[in-house]
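Student: I am new to this one. Please show it to me, and I will ask how each label is earned.

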Amino acid sequence: MTSMTPPSAAAPLLEVQHLEVSFPTKTKTLVAVRDVSFTLHRGERLGLVGESGAGKSITGFSILKLISRPGRISNGSILFEGRDLVPLSEQEMRPLRGDRISMIFQDPMMTLNPVLTIGTQMIETLLAHRRLSRREARDQAIETLRAVHIPSPEKRMDQYPHQFSGGMRQRIVIAIALLTRPSLIIADEPTTALDVTIQAEILDLLLELAEHEGMGLLLITHDLAVVSQVTDRVAVMYAGRIVEIGPTEQVVHAPQHPYTQGLLAALPQTHAGEPGTGRLAQIHGIMPSLYNTPPGCAFHPRCPVRIHACSETVPALRPCSQTGTLAACHLVE
Amino acid sequence: MIAFLIRRLLQACIVMGVISLIGFSLRHTVGDPVREMYGMSVSAEVRAEARERLGLNDPIIVQYFRFLKNAVQGDLGNSLFYQKPALEVILSKAPATLELVFTSALLITLLSVPCGIYSAIHPRRLLSRIILGVSTVGVSVPVFFTALMCISLFSITLGWLPSFGRGELTPLFGGAWETGFLTWSGIKHLIMPSFALTSIMLPLFIRLVRAEMMEVLQMDYVKYARAKGLSERRIYWVHAFRNTLLPVITVGGVQLGILIAFTILTETVFNWKGLGGMFKEAVDRGDTSLLVAYMVVVGALFVVVNTVVDVIYGMVNPMVRVVGRK
Amino acid sequence: METLFFILSWTQPTINALAIAALSLFFLWMLGGRFLMPAAWGRFADSHLVYSFRRDAVAKGSLGILLVLLVASFACPWIAPTNPYDPASLDLMMAQTPPAWMEGGEPDQLPAFVLGADDQGRDLLSTMLYGMRVSLVIGIGAVLLQAVLGIAIGLTAGYLGKRVEMLLMRLADVQLSFSTLLVAIFIGAMFRTAFGVASYERLAVPILICIIGLAEWPQYARTVRASVLAEKKKEYVEAARVVGLPAWRIMLRHILPNTLSPVLVISTVQVANAMMTEAGLSFLGFGMPVTQPSLGSLINTGFEYLLSGSWWITIFPGALLVVLILSINLLGDFCRDVMNPRLYKGM
C-alpha cells in the first residue's frame with residue numbers, strides 16, 4: 001500500500017465544513033450528520049468508514065444534494081472546486097450531477113433501470129451534459145464500456161440490465177460514472193452487494209481508473225479492509241460525527257480513537273504482523289439510534305477506556321502528536 | 001416470445017373451457033329448451049318427444065360436448081324472446097356497447113395517467129389532494145346514481161343533453177355496425193353514458209397509477225437517474241413512468257374488462273340499446289339461451305382482452321420478451 | 001329443501017339481533033373497557049392506530065357519521081316516524097308528497113313526511129332508514145360470508161400450493177375478471193329459478209347475502225393467499241414444521257393470525273363494495289323487492305318519477321347511500337394508510 005501525500009498547495013477539490021444534516025419529524029428533529037468536516041484533494045482517494053446508520057451515506061448524498069425527504073442540510077458548507085453547493089437550487093445542481101460529480105450506488109441490481117437498455121442509460125447521461133449527436137454519444141459509451149473490460153460492448157449496448165451479472169452491472173455503473181470524466185466520484189458501498197470474488201476485481205478496476213483519470217474518489221464503506229486497499233486517507237464516522245481522520249496507513253496501523261481500535265480488532269485478518277489470537281474481538285453494545293444519542297462522546301457507553309469527561313463534553317477532533325491523524329477523543333494527546 | 005404466446009393461448013383455452021362448463025350447467029339447470037321452442041302450452045307427449053329429439057335424455061357428458069361443438073361453430077342456441085339465434089342478437093347489440101366502452105376506456109386512460117402521475121410526484125400539493133378527494137368520492141357513488149344525477153341536471157334542469165337512446169346513427173360495413181360517432185346527435189347522446197361509465201373506473205385507475213408511481217419513485221434507479229443529472233421530465237416520464245406502466249397494464253386490463261359488466265347499469269339508466277340493456281331484459285324475461293350466450297361471448301371478450309394485455313405486457317417488459325426468445 | 005327454507009327465513013332476524021348485539025358490545029367496550037379491562041384498553045389506546053386516528057380529522061369525522069348512521073338504521077323501529085313494512089302505512093293519497101319545506105309538502109304532519117313520501121305514499125325518511133338497515137345487514141352479512149369463504153380458500157391455496165392453488169386461483173381470476181356484479185346477477189338468476197320468484201322475494205335478504213358473498217370471495221382469497229405466501233417463507237413456519245405440527249395447526253395458529261391485518265383492512269372497503277353491489281342489483285330489480293326496499297331499490301323506484309319532477313324519491317336515498325359508502329371508504333383508506341399492508345394490487 002503506497003502512501004501518497006496529497007498536493008497541499010492545490011485548491012482542494014472538495015471541502016466539507018461543519019456539515020449538519022437533519023430530518024425534521026412531527027415530534028422532533030433528528031440530526032443524522034453533525035459537524036462533519038473533511039477535505040478531498042484532486043486525485044486523492046478518501047474513505048468514509050462506519051457502521052450502517054453512522055451517517056456516511058447521508059454525507060455522500062448530501063454532496064450531490066440528493067438526501068431523501070424530509071432530510072435537509074441544516075448547517076455547514078460544501079465547497080466543490082471552490083464553489084459552495086449548499087445554497088444552489090435544483091436547476092443549478094443538475095449540471096454538476098453526473099458531469100463533474102458522479103455517483104456509484106450500492107446495489108447494481110437496483111441502480112440500473114430494468115426497462116431501459118444499457119445503451120439508453122449511458123447515452124442519456126452523455127446527452128444530458130454534452131452537446132453530442134446520438135452517434136457520437138454511442139461511440140463514447142462503447143469506448144467506456146471497453147475501458148471497464150466489458151466484452152463485445154457493441155452488442156451489450158442493446159441489452160437490458162437483467163441480462164448482466166451483478167459484477168458486470170457494477171462495471172456498467174462505473175462506466176456510466178466515468179463517461180463524463182468527472183473530477184469527483186462518490187462510491188457508496190460499491191462492492192457490498194457483490195460476491196466476495198468479484199469485490200476485489202471491482203475495487204481494482206475503480207482504483208486503476210481513478211488513478212488513470214486523476215479523479216478524486218470518495219469511497220463510502222463499512223469495510224476497513226476495503227478502505228485500506230484503495231484509499232489514501234480515511235475518515236471514521238460514528239453516530240453522525242467523524243471520530244478519527246488521517247492517512248489510511250496511520251489510521252490502520254496506529255488507530256487513536258477507541259472506536260477505530262475496536263473496528264480494527266474486529267477484522268478477521270491480523271494486521272501489522274500481530275499474531276492472530278484465533279478469536280475475533282467485538283465492540284460490545286450497539287450504536288445509539290438518532291432518537292437517543294447519549295450526551296458527551298456518543299461512543300462512551302461502549303468505550304472500554306472511558307473517563308468521567310466522556311459522558312459530559314463532546315470531544316473535538318484533535319491532532320495526535322505521534323501519528324499526525326486527528327481523533328475526537330479526550331484521551332488522545 | 002412464441003413459447004410465451006402459446007402458453008398464454010393455452011391458458012385462454014382452459015379459461016374458456018371453464019366458462020363453457022358454467023354456461024352449460026346454467027343452461028342445463030335453469031333453462032328449458034323445450035319451453036324455448038314451443039312455449040308453455042304443449043302436451044306432455046310433444047314435450048317428451050321433443051326432449052328425445054333434442055337429445056336431452058342423453059348422458060350429461062354427451063350433451064356437454066354437443067353444446068361445446070355447437071358453441072365452437074357459433075351456435076349458442078336461440079333466444080326465447082327474439083326467436084333468433086342468440087349470437088345474432090348479441091352481434092347486433094354489440095356495437096353500441098363497444099362504442100360506449102371504448103369511449104370510456106379512452107377517457108379513463110387519458111385522464112388517469114396525468115392525474116395519477118401528478119399526484120404521485122407532488123403528493124402534498126393542493127391539486128393532488130383535490131384529485132384524491134374527488135376520486136374517493138367518485139368510488140363511493142354508485143354508477144347508476146351518477147347517471148341519474150347527470151340526467152337530473154343536464155337533461156331535466158338544463159336541457160342540454162338527451163337522456164336516453166343513441167341518437168342518429170350511421171350504418172357502417174353494410175349495416176353490420178351502426179355508429180354514433182359520426183353525427184353530432186350521436187356524440188351528444190354518448191356524452192352522459194360514457195361519463196357515467198368513466199366515473200366508476202377513473203378513481204380506481206388514478207389511485208392505481210398514483211400508488212405504482214409512488215412506489216417506483218422510491219426506487220434506487222430513480223435516485224440514480226437524479227444523480228446522473230437528468231432532467232425532471234426524463235426522470236418522470238422515461239425512468240419512472242415506464243416502470244409504472246407494467247403493473248398498470250396488468251391490473252388495468254382486467255379492470256377495463258369489468259367496464260363491460262358496468263354497462264348493464266349504465267345502459268339501463270340511459271336506455272342505451274346495447275348488450276347491457278339486453279342482458280337485463282334477458283334476465284327479466286328468463287331468456288336462458290341469451291343469458292348463456294351473453295356469458296360465453298363476454299367471457300370470450302374478457303379472455304381476449306386479458307390475453308392481449310398479457311402480450312402487450314410481454315412487449316413492454318424486457319424480461320418476458322427475452323425469456324420468451326430463448 | 002324445507003329445512004333450508006326454514007334456516008334461511010331465520011337469517012334476517014338473527015343477523016339483525018347479531019348486529020345490534022355487536023353494536024351494543026362495541027359501545028359497552030368503548031365506555032366500560034376502560035374500567036373492566038384496563039390493560040387491554042391501555043394497549044389499544046396507545047396503539048399506532050388510535051394515535052393516528054386522534055390526529056386525523058377526516059377519519060374521526062367519518063367514524064362519527066358512520067356511527068350515527070349505524071345507530072339510526074338499527075334503531076329505526078324506534079326512531080322512524082312510521083313503519084314502512086306495515087301495509088297500513090301505504091297511502092296512495094300521499095304518494096309523491098314533496099319534502100315538508102317545499103310547496104305541496106305536509107309540514108303539519110311532522111315528523112312524518114319531512115323528506116316527503118315515495119310513490120306508494122310511505123314516509124320517505126322512514127323507508128330510507130329501514131332501507132339503510134337492509135343495505136347494511138346485507139353488506140355486513142355478505143362480507144362475513146365472503147371472509148369465511150375467502151380466508152378458507154386462500155389459506156388452503158396458499159398453504160397447499162401446486163395444483164390446488166392453480167385451480168382455486170384460476171377460478172378466482174375468472175370470477176374477478178367477470179366482475180362481482182355480473183357474477184352476482186348470474187348467481188341471482190340461478191337462485192331465482194331454483195326458489196321461484198315469490199320465495200326469492202320473501203327470502204331476499206339471506207339470498208342476497210349468499211349471492212354477494214359467493215360473488216366476492218376472490219378478493220379475500222387473493223389477499224390471504226398473498227400474505228400466506230409471504231408468511232410461509234418466514235422461519236417461524238419452517239420451525240413449526242420441523243417441530244412436527246400438523247398442517248392445519250400451522251395454518252390456523254401460526255399463519256392465519258399474521259394474515260389478519262390485510263384482511264381487516266380490506267374488510268371495511270369490502271362492506272362498502274358489497275353494499276354497492278346490493279344497490280346495483282336492487283336498482284336493476286334483481287335485489288330487494290319494493291315491499292321491503294333497500295336504498296338501491298328505492299333509487300330504482302324513484303327513477304321513474306325523476307323525469308316527472310319528483311326528484312326526492314331518488315335523490316335522498318341516493319345521497320344517503322353515498323354518504324354511508326363514503327364514510328366507510330374513508331375509514332378504509334385511513335386503515336390502509338396506517339396499517340400499510342402490502343395488499344394485492346387488484347383492488
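**Labels and their cut-offs**

Tutor: Start with a pair: A:Glu201 forms a salt bridge with A:Arg171, with the closest N and O atoms 2.5 Å apart. The pair links distant parts of the chain, with A:Glu201 in helix H8 of chain A and A:Arg171 in helix H7 (residues 166-179) of chain A, 30 residues apart. This is a predicted model, where local features need pLDDT of at least 70 and side-chain atom pairs count only at pLDDT 80 or more, while totals for chains, interfaces and linings use all residues. Residues are numbered from 1 along each chain as its sequence is written, chains are lettered from A and ligands numbered from 1 in the order in which they are written, and side-chain values use heavy atoms, leaving out hydrogens and water.

Student: Why is the contact of A:Glu201 and A:Arg171 called a salt bridge?

Tutor: The term asks for a side-chain nitrogen of Lys or Arg within 4 Å of a carboxyl oxygen of Asp or Glu. Here the N and O atoms are 2.5 Å apart, and the partners are A:Arg171 and A:Glu201. The label fits.

Student: What makes A:Arg171 buried or exposed?

Tutor: Buried means under 20% relative accessible area, exposed over 50%, and partly exposed in between (1.4 Å probe, protein chains only). A:Arg171 has 9%, so A:Arg171 is buried. A:Glu201 has 42%, so A:Glu201 counts as partly exposed.

Student: How many salt bridges does the structure hold?

Tutor: There are 20 over all chains. One of them joins A:Glu211 and A:Arg45 at 3.6 Å, N to O.

Student: Why does the pair of A:Glu211 and A:Arg45 tie together parts that are apart in sequence?

Tutor: A:Glu211 lies in helix H8 of chain A and A:Arg45 in strand S3 (residues 45-49) of chain A, so the tied parts are 166 residues apart. A:Arg45 is buried, because its relative accessible area is 4%.

Student: What makes residues 196-213 of chain A a helix?

Tutor: Helices are DSSP runs (H or I, at least four residues), strands are E runs of at least two, and both are numbered from the N terminus. H8 of chain A has 18 residues. Its span from first C-alpha to last is 26 Å, close to the 26 Å expected. The expected span is 1.5 Å times one less than the number of residues.

Student: Which residues of H8(A) are buried?

Tutor: Among them are A:Gln199, A:Ile202, A:Leu203, A:Leu206 and A:Ala210. After the helix comes A:Gly214, with a positive phi near 65°.

Student: What makes B:Leu107 partly exposed?

Tutor: B:Leu107 has 32% relative accessibility, so the value falls between the two cut-offs. B:Leu107 is found in helix H5 of chain B.

Student: Why is B:Leu107 counted in a nonpolar patch on the surface?

Tutor: A patch is made of residues with over 30% relative accessible area and no salt bridge; like charges are joined within 9 Å, and nonpolar side chains (Val, Leu, Ile, Met, Phe, Trp, Tyr) within 5 Å. B:Leu107 is a Leu at 32%, so the area cut-off is passed. Its patch, including B:Phe102 and B:Leu182, has about 870 Å² of accessible area together. Those areas come from the Shrake-Rupley method with a 1.4 Å probe; for residues, only the protein chains shown count as cover. Helix H5 (residues 86-121) of chain B gives the largest share, 5 residues.

Student: How do you know that C:Arg55 is exposed?

Tutor: Its relative accessible area is 52%, so C:Arg55 passes the 50% cut-off. C:Arg55 sits in the loop between helix H3 (48-54) and helix H4 (57-74) of chain C.
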